[in-house]
Amino acid sequence: MYTFKKEERLCNKKLIDGLFHNGSSFLCYPFKASWMLTDGEQQFPVQIVFSVAKKRYKRAVDRNLVKRRMREAYRLNKQAQLYDVLNSSGKKLILSISYIGKEISPYEFFEKKMLKLLTQLAVEAIK
């Protein structure tokens with residue numbers, strides 16, 4: 001299941017506001033993850049939004065490149081690292097991953113750090 005469908009993206013403004021006001025967060029440089037368990041009816045175990053600060057990266061081309069690399073690393077690793085754990089425990093969550101790094105790194109770095117973030121998130125979510 002290496003897809004990333006529209007239903008997996010977090011678009012609801014109320015859910016996003018609730019996530020940032022009531023959710024938990026942790027830092028896994030160069031990412032900051034904010035997450036919150038939800039009881040809503042979701043087709044997938046995780047709904048996610050990716051963000052890159054406009055203050056740090058002025059050019060949209062740079063922001064889009066970073067988001068593209070984040071999405072790809074997430075898409076390829078979500079099933080083994082996160083979905084299987086959440087499905088076995090019966091939990092669903094909403095998630096925001098923000099890029100806080102200072103430079104644009106190669107994709108291999110993004111993938112290594114995304115793996116670390118997803119395993120850390122899986123451990124925290126099933127507590």
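1. A residue is called buried here when its relative accessible area is under 20%, computed with a 1.4 Å probe on protein chains only. By that cut-off both Phe4 and Tyr74 are buried, and the note returns to this pair below. The model under review is a predicted one, and the points that follow should be read with that in mind.

2. On the sheet, β1 (24–28) and β2 (31–38) run antiparallel and are joined by five bridges; one opposed pair sets Ser24 against Trp35 in β2. The two strands form a hairpin with two residues between them. Pro30 lies in that loop between β1 and β2, and a cis peptide bond, with omega at about 10°, joins Tyr29 to Pro30. A colleague who inspects the backbone of the hairpin may wish to look at the bond between Tyr29 and Pro30.

3. Strand β4 (92–99) pairs with two other strands, and the sense of pairing has to be stated for each. With β2 the pairing is antiparallel and extends over eight bridges, and Thr38 has Lys92 of β4 as its bridge partner. With β3 (46–52) the pairing is parallel and extends over seven bridges, and here Phe50 stands opposite Ile97 in β4. Seven of the eight residues of β4 are buried, and the strand is thus mostly covered.

4. How is the connection from β3 through α2 to β4 handed? The three elements make a β-α-β unit that is left-handed. The helix in this unit, α2, spans residues 60–89.

5. The largest nonpolar core holds 30 residues, and those with the most contacts inside it are Met70, Tyr74 and Met114. The elements that give two or more residues to this core are β1, β2, β3, α2, β4 and α3. Met70 touches Phe31, Phe50, Ser51, Val52, Ile97, Tyr99, Phe110 and Met114, where residues up to four places away in sequence are not counted. Apart from the 30-residue core lies another core, of five residues, among them Leu10, Leu19, Met36 and Ile94.

6. Helix α3 has 19 residues and reaches 26 Å from its first C-alpha to its last, which is close to the 27 Å expected at 1.5 Å a residue. Its buried residues are Phe110, Lys113, Met114, Leu117, Leu118, Leu121, Ala122 and Ala125; a lysine, Lys113, is included in that list. What covers the buried residues of α3 includes β1, β2, β3, α2 and β4.

7. Is Thr119, which has its place in helix α3, buried or exposed, or does it fall in between? Thr119 has a relative accessible area of 34% and is therefore partly exposed, since that class lies between the cut-offs of 20% and 50%. The C-alpha atoms of Thr119 and Val61, which are 58 residues apart along the chain, are separated by 29 Å.

8. A search of the whole structure finds seven aromatic pairs. In one of them, Phe4 and Tyr74 are edge-to-face, at 5.8 Å centre to centre and with 80° between the planes. This pair links distant parts of the chain, with Phe4 in the segment before α1 (13–22) and Tyr74 in helix α2, 70 residues apart. Phe31 and Tyr99 also form an edge-to-face pair, at 6.0 Å centre to centre and with 65° between the planes. Because Phe31 lies in strand β2 and Tyr99 in strand β4, the pair ties together parts that are 68 residues apart in sequence. Phe31 and Tyr99 are buried as well, and ring pairs link Phe31, Tyr57, Tyr99 and Phe110 into a cluster.

9. What surrounds Ser105, which lies in the loop between β4 and α3 (107–125)? Not counting residues up to four places away in sequence, Ser105 touches Arg69, Tyr99 and Phe110. Two of these contacts, Tyr99 and Phe110, are also members of the ring cluster. With a relative accessible area of 8%, Ser105 is therefore buried, as 8% falls under the 20% cut-off.

Notes. Residues numbered from 1 in each chain as written. Predicted model: local features only at pLDDT ≥ 70, side-chain atom pairs only at ≥ 80, totals over all residues. Heavy atoms only, no water. Helix = DSSP H or I, 4+ residues; strand = E, 2+ residues; numbered from the N terminus. Contact = heavy atoms within 4.5 Å. Core = buried A, V, L, I, M, F, W, Y, C linked by side-chain atoms within 4.5 Å. Expected span 1.5 Å × (residues − 1). Pairing = 2+ DSSP bridges. Phe/Tyr/Trp six-rings, centres within 6.5 Å; stacked < 30°, edge-to-face > 60°. Right-handed = clockwise from strand over helix to strand, strands pointing away.
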